[in-house]
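User: Hello! I have a structure I have never looked at before, and I would like to understand why its parts get the labels they get. Could you go through it with me?

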Amino acid sequence: MIDVEAVRADTPACRDLIHFNNAGASLMPRPVAEALHRHLALEETVGGYEAESRAEAELTTFYTEFAALLNARADEIGYVENATRAWDMAFYGLPLKPGDRILAHASEYVSNYLGLLHQAKRRGLEIDLVPSDETGQIDLAAMERLIGPRTRLLALTHVPTQGGLVNPAAEAGRIAKAQGLIYMLDACQSAGQIALDVQALGCDVLSGTGRKFLRGPRGTGFLYVRRAMLDTVEPAFIDLRAADWTGSGSYALAPGARRYENWESYIAGRIGLIHAVRYARGLGLPAIEARVRGLGAALREALASVQGVAVHDQGAVKCGIVTFAKAGESAPALAARLREKAINVSVTAQSSALLDFSARGIDALVRASVHYYNTEDEIGRFADTVASL
Ligand SMILES: Cc1ncc(COP(=O)(O)O)c(C=O)c1O
């Protein structure tokens with residue numbers, strides 16, 4: 001059980017806001033903000049490099065915290081500035097050849113899909129779009145049927161940016177493994193709201209960001225790459241952190257997933273993210289997942305009873321992201337009016353979910369995303385406000 005009073009006390013902005021934009025950027029809990037500010041202050045007083053060297057021991061806990069969060073090994077974790085770059089670093093390095101085929105679903109994150117299109121064009125790859133089943137999630141039977149001798153990669157987004165859907169990532173992983181595919185899982189919206197176990201998921205690559213449900217600072221992200229893949233695939237590009245220059249014609253990659261990192265990075269952010277993972281693990285991911293799922297369901301139910309509101313979430317399993325539209329009001333206009341009332345939500349436009357929204361005839365939706373520190377009372381006030389606007 002999560003002590004809601006305590007986590008709200010750690011989140012001072014709760015007093016002034018209804019923050020239902022955790023899928024955009026959550027509010028940092030106090031220990032995260034304090035760690036971030038502490039390191040920035042240290043940089044100011046002793047210098048950036050000097051502050052980093054004082055924080056050296058703490059910085060290495062980045063790997064152990066994420067390893068524990070994901071049930072991975074510490075040397076399978078890298079610090080990357082956001083989820084998109086983490087995904088790119090792995091994807092662009094894959095040894096894909098002209099004619100190789102990639103499985104993807106309409107729920108794939110926009111930037112990942114752009115990467116797929118970019119590389120399809122430049123390297124002569126083919127994308128096979130797996131249809132959705134009747135619930136809106138990736139159709140696993142159809143996916144299996146699409147796998148052919150040239151299929152190399154499954155790229156799947158666990159929880160899409162544009163709705164409450166949770167894709168069956170572990171089941172997809174079992175199929176990918178049985179068929180010898182590389183499996184890249186975008187866990188950007190699931191990390192921090194759903195308990196993740198890379199062994200159970202069966203993914204070779206998992207990417208995520210700090211600022212969303214993990215409640216870390218902006219400008220931070222992480223990458224998991226399975227040990228077996230580290231031995232066979234090189235990153236898309238390397239620098240002096242990712243490799244040692246060993247001779248006039250040679251280099252040696254850094255051990256483990258550190259080879260996916262940048263030399264220059266946001267050190268204070270990394271420290272903040274360490275504290276964010278520690279905070280989440282302290283509460284327990286299963287407890288977080290249960291509470292977020294319950295609040296998401298309660299929000300859907302509350303909105304469904306508001307006249308003129310249509311909830312649009314899909315999926316056999318749903319999470320804390322709730323998407324809806326209100327008759328007679330555009331999504332951006334509704335979000336702006338909510339903001340005036342100190343209620344934070346975001347808007348997902350068709351351009352960010354092109355395949356999915358165009359197939360469903362959706363132009364834009366309001367996205368309200370709850371976290372464990374939100375309350376049933378806030379949900380009630382939110383639904384009343386949406387009704388009254
Ligand atoms: C599912 C998903 N993947 C990836 C990203 C990209 O994350 P970042 O902005 O940290 O690169 C987002 C951001 O909204 C997302 O929702």
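Analyst: Happily; we will take the labels one by one and set each value against its cut-off. Please keep in mind that this is a predicted model.

User: Let's start with a pair of charged residues. What makes Asp88 and Arg85 a salt bridge?

Analyst: The closest N and O of their side chains are 2.5 Å apart. The cut-off for a salt bridge is 4 Å between a Lys or Arg side-chain nitrogen and an Asp or Glu carboxyl oxygen, so the pair of Asp88 and Arg85 qualifies. The two residues are three places apart in helix H5 (residues 83–91), which means that about one helical turn separates them.

User: Why is Asp88 called buried, and why is Arg85 called partly exposed?

Analyst: Buried means under 20% relative accessible area. Asp88 has 12%, so it counts as buried. Arg85 has 38%, which lies between the 20% and 50% limits, so it is partly exposed.

User: How do you know that Arg227 and Asp231 form a salt bridge?

Analyst: Their N to O distance is 2.8 Å, and since anything within 4 Å counts for such a pair, the label applies. Arg227 has a relative accessibility of 23% and is therefore partly exposed. Asp231 reaches 55%, over the 50% limit, so it is exposed. These two residues also belong to a network of salt bridges together with Arg73 and Asp75. In total, the structure holds 17 salt bridges.

User: What makes the salt bridge between Glu261 and Arg241 a link between distant parts of the chain?

Analyst: The closest N and O atoms of this pair are 2.5 Å apart. Yet the residues are 20 places apart: Glu261 is in the loop between strand S10 (250–253) and helix H11 (267–283), while Arg241 is in the loop between H10 and S9. Glu261 is buried because its relative accessibility is 3%, under the 20% limit. Arg241, at 21%, is above that limit and below 50%, so it is partly exposed.

User: Why is Leu240 called exposed?

Analyst: Its relative accessible area is 60%, and exposed means over 50%, so the label fits. Leu240 sits in the loop between helix H10 (227–230) and strand S9 (243–247). Together with Tyr49 and Trp263, Leu240 makes a nonpolar surface patch of about 380 Å².

User: What about Leu165: buried or exposed?

Analyst: Leu165 is buried, because its 5% relative accessible area is under 20%. It is found in the loop between strand S5 (151–157) and helix H8 (169–178). Its contacts, leaving out residues up to four places away in sequence, include Ser107, His158, Pro160, Val317 and Cys319. Leu165 and Val317 are 152 residues apart along the chain, yet their C-alpha atoms are separated by 6.3 Å.

User: Which residues touch the most other members of the largest nonpolar core?

Analyst: They are Phe62, Phe66, Leu70, Met143, Leu154, Tyr183 and Leu206, in a core of 57 residues. H11 gives the most to this core, with six residues. Apart from it lies another core, of 26 residues, among them Phe91, Ala104, Met229 and Leu230. In soluble globular proteins, nonpolar side chains tend to be buried together.

User: How do you know that H11 is mostly covered?

Analyst: Of its 17 residues, 13 are buried, which means that each of these is under 20% relative accessible area. From its first C-alpha to its last, H11 reaches 25 Å, close to the 24 Å expected at 1.5 Å a residue. After H11 comes Gly284, whose phi is positive, near 100 degrees.

User: Why is Leu285 called buried?

Analyst: Its relative accessibility is 9%, under the 20% cut-off, so Leu285 counts as buried. Leu285 lies in helix H12, where the buried residues also include Ile288, Val292, Leu295 and Leu299. H12 (residues 285–304) has 20 residues and reaches 28 Å, close to the expected 28 Å. Leaving out residues up to four places away in sequence, Leu285 touches Leu69, Gly192, Ile194, Ala195 and Ala280. Leu285 and Leu273 are 12 residues apart in sequence, with 16 Å between their C-alpha atoms.

Technical notes:
Residues numbered from 1 in each chain as written. Predicted model: local features only at pLDDT ≥ 70, side-chain atom pairs only at ≥ 80, totals over all residues. Heavy atoms only, no water. Patch = residues over 30% accessible without salt bridge, like charges linked within 9 Å, V, L, I, M, F, W, Y side chains within 5 Å. Areas by Shrake-Rupley, 256 points an atom, 1.4 Å probe, with all protein chains shown as cover. Helix = DSSP H or I, 4+ residues; strand = E, 2+ residues; numbered from the N terminus. Buried < 20%, exposed > 50% of the residue type's maximum accessible area, 1.4 Å probe, protein only. Contact = heavy atoms within 4.5 Å. Core = buried A, V, L, I, M, F, W, Y, C linked by side-chain atoms within 4.5 Å. Expected span 1.5 Å × (residues − 1).
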